Amino acid sequence: MTSLSETLTNNQKDYRSNSLWRLTLRRILRQRNAVLGLVILAFLVLVAIFAPLLAPYDPNQVLIGVEEEVFRRQPPCIHALGCPADWHQHILGIDGNVRDEFSRVIFGTRVSLFIGFTTIGFAIIIGTLLGAIAGYFGGAVDNIIMRIMDVLMAFPSLLLAIAIVSVLGPGLENALVAIGIVTIPVYARVVRGSVLSVKENTYVSASRAMGAGPFHILINRIMPNVLAPLIVQGTLGIGTAILDAAALSFLGLGAQPPMAEWGNMLGVERNQVFTAPHLVFFPGIAIMITVLAFNLMGDGLRDAIDPRLGQSQRIE
Amino acid sequence: MFQYIIRRLLLAIPVLLGILIVTFLLARLIPGDPCRAMLGEKATEQVCVIFRKDHGLDKPLLVQLVVYMQKILSGDFGLSIRYSRPVSQILIERLPMTIELGFAALLIAVLVGIPAGVIAAVKRNSALDVATMIGANIGVSMPVYWLGLILMYVFALLLKGTPFWLPPSGRLTAGLDPTPFYTVFGWALQKGTPSFQAAEFFSNFYIFNSIITGNWAVLADALNHLILPALALSTIPLAIIARMTRSAMLEVLKQDYVRTAKAKGLKERLVIFKHAFRNALLPISTIIGLEIGTLFAGAVLTESIFGLAGVGRILFDAITARDFPIIQAFTIVIAVFYVFINLIVDISYVFIDPRIRLN
């Protein structure tokens, strides 16, 4: 026979283990995609943090005069695979400016993750603000904001980003701003949609009746409900942002040499694909793995957090 | 039904106006004095006053906007800074290549993506399904230009000497001449007239031109050159279409009427295509419409990789030279095209789904 207090603690345990966050976490962990994405992402974050320890060379160090037997665009030299032991090991080879490609790919992780998080962070903040205002106040404000968003969405995102950067001038900061701007509409729409569906709920009316102002209601009553779709969309958005930023750098509009950025590394060596394929191959693989991690995680999160939110919501 | 179509058409107007306003404002935001950008740093103030007057830059912004819109609507995209030629002329020469590439890629994406998605959905959780979805996930994560370079390396270098060899760049092998159809048919067109420009535009579609003139050597060669870039460009849309088709099909296959159709003993294939697929078509056509924009933006990257003389290639050069009129024209053309395609998709809903017709 269990005592009353025991029953109480048991109940409490049950209650705790079924809290929203735990439930969500458990659901996320049940998604194979999300777990795989999470593992890859954790690995990438570790690589980015410990880049100076992992990279055998400074990414911008020119090795002429520093090492013997190095030459421009030297193919990978791995001792375990039969590269002469008296040669220095460069597992991804040497680039066109005689720098260690492996170190550059490692340091590129930092740049790409930074790009992904800052652009989407920027877009989420502005997009949420616009979407919340449009959804909550409705009427003319809603119309004006959303029509502007429609126009921004009428451009293919990469193309509008190209146009914006060619106006602002090339450079990583401007590329970040451009990608941030072109992704704002996505978040504005998601937030507006959620706000519209939440704001008619009775608890919102109750809050209003108790004299809460619009901003209190927006932040404390409505926003918590908007978080889930926002997180899903944001995770998926980071992948696209990294891909677009790499494309801008590839075109010479984003990160400028000598910065170790994958798109830029590809762009600089693109004409050497027949003579030095390793310089094209590895940065591309790095971009792909990073984008894949965010896409897998976004898909998994979407299925875990909100199963109703199918693909149809995403394409709007 | 007509009401729906007209409403859609009317809704497109503010978006189109918005596109023009955004591109106009972007052009005005370019730092520096347009006079000195066009005429050089040493242009005197007197020359610049005349320049501004000639180009209407001394007028209020709103007047400039109206003039700008009038010009664009009449097909005048201004002069290219770098080539000192009308941008519209450059578009006539270059746009067909880009459209050809875009549609070839779209064709691959649709012809492979939809069946892949249907099969994955029907054989859910099978090895085929898992493989398709892994492939689709990798497909969306790949940089187009990188895939282009890798394909080039594999097909033009590694497979050299085999029947699978494909040309790494260019639109046609040197020496082959695609005689324009208007010359073949002996049309006497006055150079510079709109009909000549239209004929020139259509003759620049090499595949179309070689088919109607029966020039099979050019057709085969042009197709051969198109395979790699179209393949590279098609990956992302293909992956997205396959995923969308799979999830739309899964949604529909769960429905009661599909079970009923199966229960009454209809053939599996009939149920899948007649009952399920037709209803999954709506989201699929939406995503295809949306992917067309990505496709043409991706063409910029693909063309510059494969040395194809399309708009994307010239845009790439324009970016380096900061030749804004070209960037602006291409952005407008693609955005307007994108809006129209999505308009057509919206209108096609009426034919795909009778319920929309009734509402």
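1. Two residues are in contact if their C-beta atoms, placed from the backbone, lie within 7 Å. On that criterion, in what is a predicted model, 39 residues of chain A are in contact with 44 residues of chain B. Sorted by class, the side of chain A that touches chain B has 28 nonpolar, eight polar and three charged residues. Helices H6 (139-153), H7 (157-168), H10 (214-250), H12 (277-305) and H13 (311-314) of chain A each supply at least two residues of that side, and the largest share, ten residues, comes from H12(A).

2. Confidence should be weighed before any detail of chain A is used. The average pLDDT of chain A is 87, and 91% of the residues score at least 70. Over residues 309-316 of chain A, however, pLDDT stays under 50, and for this stretch the model has eleven contacts beyond four places in sequence. Where pLDDT is low, the predicted coordinates should not be read in detail. A reader of the interface may wish to keep in mind that helix H13 (311-314) of chain A is listed among the elements that each supply at least two residues of the side touching chain B.

3. Helix H12 of chain A deserves a paragraph of its own. H12(A) has 29 residues and reaches 42 Å from its first C-alpha to its last, which is close to the 42 Å expected at 1.5 Å a residue. Because 25 of the 29 residues of H12(A) are buried, this helix is largely enclosed by the rest of the structure.

4. Within that helix, which residues does Val280(A) touch, not counting residues up to four places away in sequence? Val280(A), which lies in helix H12 of chain A, touches Leu266(A), Glu269(A), Arg270(A) and Val273(A), and also Trp146(B) and Leu149(B). Val280(A) is buried, because 24 other C-beta atoms lie within 10 Å, and the threshold for that label is 20 or more. One of its partners, Leu266(A), is 14 residues apart from Val280(A) along the chain, and the C-alpha atoms of the two are separated by 5.4 Å.

5. The largest nonpolar core has 169 residues, and of these Ala161(A) and Ile241(B) touch the most other members. Helix H13 (residues 268-306) of chain B gives the largest share of this core, 19 residues. Leaving aside neighbours within four places in sequence, Ile241(B) is in contact with Ala109(B), Val110(B), Gly113(B), Ile114(B) and Gly117(B), and further with Ile284(B), Ile287(B), Ile288(B) and Glu291(B).

6. As to the overall form of chain B, there are 16 helices and zero strands, and the C-alpha trace spans about 85 × 60 × 45 Å along its principal axes. Of the 359 residues of chain B, 38% count as buried. Among contacts in chain B between residues at least 6 apart in sequence, 73% join residues at least 24 apart.

7. Chain B is divided into domain 1 (87-175 + 225-358) and domain 2 (179-214), and the C-alpha centres of these domains of chain B lie 28 Å apart. Seven residues of domain 1 of chain B are in contact with seven residues of domain 2 of chain B. The side of domain 1 of chain B that touches domain 2 of chain B has four nonpolar, no polar and three charged residues.

8. Several backbone features in loops may merit inspection. The peptide bond from Pro257(A) to Pro258(A) is cis, with omega near 5°, and Pro258(A) is found in the loop between H10 and helix H11 (262-269) of chain A. Arg73(A) has a phi near 55°, a positive value in a residue other than glycine; this residue sits in the loop between helix H4 (51-54) and helix H5 (101-137) of chain A. Arg73(A) counts as partly exposed, because it has 17 C-beta neighbours inside 10 Å.

9. Is Asn125(B), in the loop between helix H5 (87-122) and helix H6 (127-141) of chain B, buried or exposed? Asn125(B) is exposed, because 8 other C-beta atoms lie within 10 Å, and a count of 12 or fewer gives that label. Its phi is positive, about 70°, although Asn125(B) is not a glycine.

10. A last loop residue, Asn201(A), is found between helix H8 (172-198) and helix H9 (202-209) of chain A. Asn201(A) counts as partly exposed, with 13 C-beta neighbours inside 10 Å. The C-alpha atoms of Asn201(A) and Ile222(A), which are 21 residues apart along the chain, are separated by 9.6 Å.

Methods
Residues numbered from 1 in each chain as written. Chains lettered and ligands numbered in written order. Predicted model: local features only at pLDDT ≥ 70, side-chain atom pairs only at ≥ 80, totals over all residues. Domains from an automatic or database assignment. Nonpolar A, V, L, I, M, F, W, Y, C, P; charged D, E, K, R; others polar. pLDDT = per-residue confidence, 0-100. Core = buried A, V, L, I, M, F, W, Y, C linked by C-beta atoms within 7 Å. Expected span 1.5 Å × (residues − 1).
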